[in-house]
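Please look through the structure below before reading on. The paragraphs that follow start from one residue and work outward to the whole chain.

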Amino acid sequence: GTGSSATLFRIIRLLRTLRIIRLVKFLKKLYLLAFGLAEAAQAVFWVTILMTFVLYVCAIVMVKTVGRPESDDENFEFIIYHFGSVINSMLTLFEIMSAPNFAQFQDREGLLSARPLLAIF
């Protein structure tokens with residue numbers, strides 16, 4: 001009778017509660033995953049800020065030391081194009097940092113031998 005149906009409804013209600021608990025456990029794992037992703041994004045953001053600052057400082061050094069060649073220099077146009085301004089210097093340094101293409105610098109006759117500071121960067 002009635003007692004057994006009431007017991008059946010209590011069991012069904014208990015099973016629903018257990019399903020909610022299982023869902024909460026799943027959401028806890030999802031929360032941990034989302035939190036870890038947010039922490040990683042924050043770390044990547046700060047590394048980007050730091051690298052931008054380092055590139056900026058190095059670009060200023062390169063403009064002041066390498067980016068002001070004499071007008072009769074055989075690599076005048078190349079140096080002005082790559083290190084004539086802070087923005088161009090930052091882009092060139094970023095290119096070298098991310099995908100080292102030293103061939104464009106090594107192919108230039110006398111570029112690295114006349115400017116050893118360029119080889120350091």
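Start with methionine 90. Setting aside neighbours within four places in sequence, methionine 90 is in contact with Thr52, Leu55, Tyr56 and Ala59. Keep in mind throughout that this is a predicted model, and that the values quoted are computed from it.

Two of those partners, Leu55 and Ala59, belong with Met90 to the largest nonpolar core. Which other residues make up this core? The remaining members are Met62, Val66, Phe78, Ile79, Phe83, Leu93 and Leu111, giving 10 residues in all. Three elements give two or more residues each to the core: helix H1, which covers 2-65, helix H2, which covers 76-83, and helix H3, which covers 86-98. As a general background, nonpolar side chains in soluble globular proteins tend to be buried together.

Phenylalanine 83 is a good member of the core to examine in detail. Phe83 is found in helix H2. Is phenylalanine 83 buried or exposed? Phenylalanine 83 has a relative accessible area of 1%, so it counts as buried, the cut-off for that word being under 20%. Between the C-alpha atoms of phenylalanine 83 and valine 63 there is a distance of 5.5 Å, although 20 residues separate the two in sequence.

Next to consider is serine 89, which lies in helix H3. Serine 89 is classed as buried because its relative accessibility is 0%. What does serine 89 touch, not counting residues up to four places away in sequence? Its partners are Ala59, Met62, Val63, His82 and Phe83. Ala59, Met62 and Phe83 are also listed among the residues of the nonpolar core. With alanine 59 there is a further detail: a polar atom of the serine 89 side chain lies 3.5 Å from the backbone oxygen of alanine 59.

His82, another partner of serine 89, is placed in helix H2. Histidine 82 has a relative accessible area of 7%, and therefore it is buried. Beyond four places in sequence, histidine 82 touches Asn88, Ser89, Thr92 and Gln104.

Now turn to the surface. A nonpolar patch of about 870 Å² is made there by Val47, Leu50, Met51, Phe53, Val54, Tyr56, Val57, Val61, Phe94 and Met97. Which helices each supply at least two residues of this patch? They are H1 and H3, and H1 gives the largest share, eight residues. H1 and H3 are also among the elements that give two or more residues to the nonpolar core. Tyr56 is one of the patch residues, and it is also one of the contacts of methionine 90.

Valine 57 can stand as an example from the patch. This residue is found in helix H1. Valine 57 counts as partly exposed because its relative accessibility is 36%; partly exposed covers the range between the buried limit of 20% and the exposed limit of 50%. Isoleucine 60 is also found in helix H1. At 30% relative accessibility, isoleucine 60 likewise counts as partly exposed. Isoleucine 60 and isoleucine 87 are 27 residues apart in sequence, and their C-alpha atoms are 9.3 Å apart in space.

For an exposed residue, go to the loop between H1 and H2, where glutamate 74 is placed. Glutamate 74 has a relative accessible area of 60%, so it is exposed. The C-alpha atom of glutamate 74 is 8.7 Å from that of leucine 111, a residue 37 places away along the chain. Leu111 is one of the members of the nonpolar core.

Finally, step back to the whole protein chain. How many helices and strands does the protein chain have? There are six helices and zero strands, and reading along the sequence gives the pattern α-α-α-α-α-α. Of the 121 residues in the chain, 19% are buried. The chain exposes about 9,500 Å², and carbon and sulfur atoms supply 68% of that area. Among contacts between residues at least 6 apart in sequence, 54% join residues at least 24 apart.

Terms used. Residues are numbered from 1 along each chain as its sequence is written. This is a predicted model: local features need pLDDT of at least 70, side-chain atom pairs count only at pLDDT 80 or more; totals for chains, interfaces and linings use all residues. Side-chain values use heavy atoms; hydrogens and water are left out. A nonpolar core is a set of buried Ala, Val, Leu, Ile, Met, Phe, Trp, Tyr and Cys residues joined through side-chain atoms within 4.5 Å. Buried means under 20% relative accessible area, exposed over 50%, partly exposed in between (1.4 Å probe, protein chains only). Helices (H or I, at least four residues) and strands (E, at least two) are DSSP runs, numbered from the N terminus. Contact means heavy atoms within 4.5 Å. Patches are made of residues with over 30% relative accessible area and no salt bridge: like charges are joined within 9 Å, nonpolar side chains (Val, Leu, Ile, Met, Phe, Trp, Tyr) within 5 Å. Accessible areas come from the Shrake-Rupley method with a 1.4 Å probe; for residues, only the protein chains shown count as cover. A salt bridge is a side-chain nitrogen of Lys or Arg within 4 Å of a carboxyl oxygen of Asp or Glu. A polar contact is a pair of N or O atoms within 3.5 Å; within protein, one must be able to donate a hydrogen and the other to accept it, and residues adjacent in sequence count only if both atoms are side-chain atoms.
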